[in-house]
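Here are my notes on this one, as numbered points. Have the model open while you read, and jump to each spot as it comes up.

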Amino acid sequence: MLDFREPESVTRLRAQLRALIAEHIPHGFLGAFTPNAEDFALTEAFSRELGRRKLLAAAWPREYGGAGSDVWEQTAVREEMWAAHEPRGAQYMGVNWVGPAIMRHGTAQQQAQHLPAIAAGEVVWCQGFSEPGAGSDLPALRTRATKVDGGWSITGQKVWTSYARMAQWCFLLARTGPAGGRKSGITVFLMQMDQPGVQVRPIPAMLGEHHLNEVYLDNAWVPEDQVLGEVGAGWDIVSEVLGFERIGIARYARSERLLREAPRELGDRWPELPESLRERWAAALVRARQARLLAYRLVGEGAADLSPLSAAAYRIVVTTLDQEAADILMEMLGAQAVGATDHSSYFEREVEDHWRYSQSSTVASGTLEMNKQTIAKSLERE
Ligand SMILES: Cc1cc2nc3c(=O)[nH]c(=O)nc-3n(C[C@H](O)[C@H](O)[C@H](O)COP(=O)(O)OP(=O)(O)OC[C@H]3O[C@@H](n4cnc5c(N)ncnc54)[C@H](O)[C@@H]3O)c2cc1C
């Protein structure tokens with residue numbers, strides 16, 4: 001049976017992380033992707049600071065730049081960061097799933113090149129999966145890689161690529177087998193972004209500046225030694241990666257913090273709120289605790305044993321919690337949060353930001369409907 005009491009080392013680590021955030025991240029911070037370019041720079045510097053202290057990829061083996069600490073310490077890092085608007089910026093992507101995929105499937109040379117850089121917070125990765133016409137139906141992807149002397153030439157288009165403008169590397173899926181070959185014939189490429197064959201165009205969206213992008217590939221170059229795993233065997237890697245990605249963010253931590261802070265932030269207005277709204281608030285807090293316990297169960301079971309069902313169930317629980325919490329908090333704050341400006345209180349701006357971000361959460365990393373289907377199919381097979 002899993003013991004849910006927190007080890008003392010984890011409690012100490014939380015205190016250390018909160019002190020580091022207080023020292024390096026100014027009050028009022030709302031994440032890396034605001035109109036203020038300094039916010040992104042701040043996250044880069046902070047990630048390097050965590051890297052120096054071996055806290056960015058704490059649970060990774062020491063040889064790859066981690067501290068070899070246990071998964072509960074890494075869980076505390078995830079929770080503390082997400083609760084504080086992710087001051088690691090885009091770095092969590094490398095730590096949560098790009099690194100683990102390279103650890104499991106990479107060559108010794110790829111591991112030596114990429115893993116210490118991720119653990120040190122020196123590199124941003126983006127994920128080149130989705131394409132126009134290949135989102136939920138990812139195996140329909142058409143970006144093609146052609147074998148040329150010494151490597152691969154890649155042509156096609158990716159869309160909704162988070163962080164592509166800041167990223168130095170892309171974890172890219174392309175077709176190496178016959179057109180229409182579905183899951184067979186997909187290969188993972190570790191592609192350098194800074195090259196003439198790669199063009200990035202931002203997509204304006206309510207998630208903040210520079211978040212979403214289109215990536216155009218016109219004979220982009222990937223050398224032979226940056227193919228991850230076997231040519232044509234990319235789908236198995238991707239299936240594993242999507243599981244890591246779905247459980248990689250401790251979303252419940254921000255929802256829970258904002259819900260808990262609401263009574264204090266609302267002050268005199270709190271007792272005047274309709275009883276029914278406060279009941280929904282209490283129910284959401286219970287759901288946040290349930291989401292946390294589900295996360296701990298999955299962490300306890302170990303990443304290697306993570307089933308598609310568990311990953312999909314976790315994703316549904318945390319993303320719908322995000323939306324429920326955001327709706328309740330918006331209703332509590334009313335017009336003050338809906339029209340949050342620079343002059344609004346920090347809490348009002350946090351709630352407004354959380355609401356905007358939560359809207360996309362049931363689409364990103366697999367839609368709500370697709371996650372429900374994954375669960376239905378898994379139960380059917382049992
Ligand atoms: C904030 C955000 C960040 C993202 N970041 C990245 C990234 O970094 N890299 C990347 O590669 N992609 C990224 N994506 C893309 C994301 O993975 C896709 O948007 C998602 O997989 C859905 O694909 P789609 O947009 O093509 O929608 P579609 O697949 O066209 O789906 C449209 C609607 O139809 C429903 N639907 C589709 N097929 C079925 C079915 N078989 N049964 C029932 N319903 C179905 C869907 O649930 C959805 O409601 C991001 C998306 C968002 C919102």
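1. Start at Gln359, which counts as partly exposed because 13 other C-beta atoms lie within 10 Å of its own. For the record, buried takes 20 or more other C-beta atoms within 10 Å, exposed takes 12 or fewer, and partly exposed is in between, with C-beta atoms placed from the backbone. Gln359 sits in helix 11. Its C-alpha atom is 9.5 Å from that of Met206, although 153 residues separate Gln359 and Met206 along the chain.

2. Two housekeeping remarks before going further. Numbering runs from 1 along each chain as its sequence is written. This is a predicted model, so to speak of local features we need pLDDT of at least 70, and side-chain atom pairs count only at pLDDT 80 or more, while totals for chains, interfaces and linings use all residues.

3. What about the rest of helix 11? Helices here are DSSP runs of H or I with at least four residues, strands are runs of E with at least two, and both are numbered from the N terminus. Helix 11 covers residues 346-361, and its 16 residues should span 22 Å at 1.5 Å a residue; the end C-alpha atoms are 22 Å apart, which agrees. The expected span is 1.5 Å times one less than the number of residues. Gln359 has buried company in this helix: Glu348, Glu350, Val351, Glu352, Asp353, His354, Trp355, Tyr357 and Ser358. Take a look at the acidic names in that list, Glu348, Glu350, Glu352 and Asp353.

4. On to the domains. The assignment, which comes from an automatic or database source, splits the protein chain into domain 1 (8-123), domain 2 (126-233) and domain 3 (250-381). The centres of domain 1 and domain 3, taken over C-alpha atoms, are 22 Å apart. Their contact takes 9 residues from domain 1 and 10 residues from domain 3, where contact means C-beta atoms, placed from the backbone, within 7 Å. On the domain 1 side, the touching residues divide into 4 nonpolar, 3 polar and 2 charged. In this scheme Ala, Val, Leu, Ile, Met, Phe, Trp, Tyr, Cys and Pro are nonpolar, Asp, Glu, Lys and Arg are charged, and the others, Gly among them, are polar.

5. Where does the ligand lie? It is between domain 2 (126-233) and domain 3 (250-381), because both give residues to the shell around it. The shell has 19 residues, and the closest are Phe129, Gly135, Ser136, Thr367 and Glu369; a residue is near if its C-beta atom, placed from the backbone, lies within 6 Å. Strand 1 (125-128) and helix 12 (368-381) are the elements that give two or more residues to this shell. By type, the shell residues are 7 nonpolar, 11 polar and 1 charged.

6. Helix 12 also holds Lys372. With 13 C-beta neighbours inside 10 Å, Lys372 is partly exposed. The C-alpha atoms of Lys372 and Ala312, 60 residues apart along the chain, are separated by 7.2 Å.

7. Which residues have the most contacts inside the largest nonpolar core? Among its 90 residues, they are Trp125, Ala167, Cys170, Phe189, Met191, Ala325 and Leu329. A nonpolar core is a set of buried Ala, Val, Leu, Ile, Met, Phe, Trp, Tyr and Cys residues joined through C-beta atoms within 7 Å. Helix 9 (residues 308-333) gives the most to the core, with 13 residues. Beyond its neighbours within four places in sequence, Trp125 is in contact with Met93, Gly94, Val98, Ala167, Trp169, Cys170 and Phe171.

8. Two backbone spots to check. Most residues other than glycine have a negative phi. Trp160 has a positive phi near 65°, and Asn219 has a positive phi of about 55°. Trp160 lies in the loop between strand 3 (151-159) and strand 4 (169-175) and is buried, with 21 C-beta neighbours inside 10 Å. Asn219 is in strand 7 and is partly exposed, with 13 such neighbours inside 10 Å.

9. Last, a loop residue. Glu209 is in the loop between strand 6 (198-202) and strand 7 (213-223). Glu209 is partly exposed, with 17 other C-beta atoms within 10 Å. Leaving aside neighbours within four places in sequence, Glu209 is in contact with Phe33, Thr34 and Pro35.

Methods
Two residues are in contact if their C-beta atoms, placed from the backbone, lie within 7 Å.
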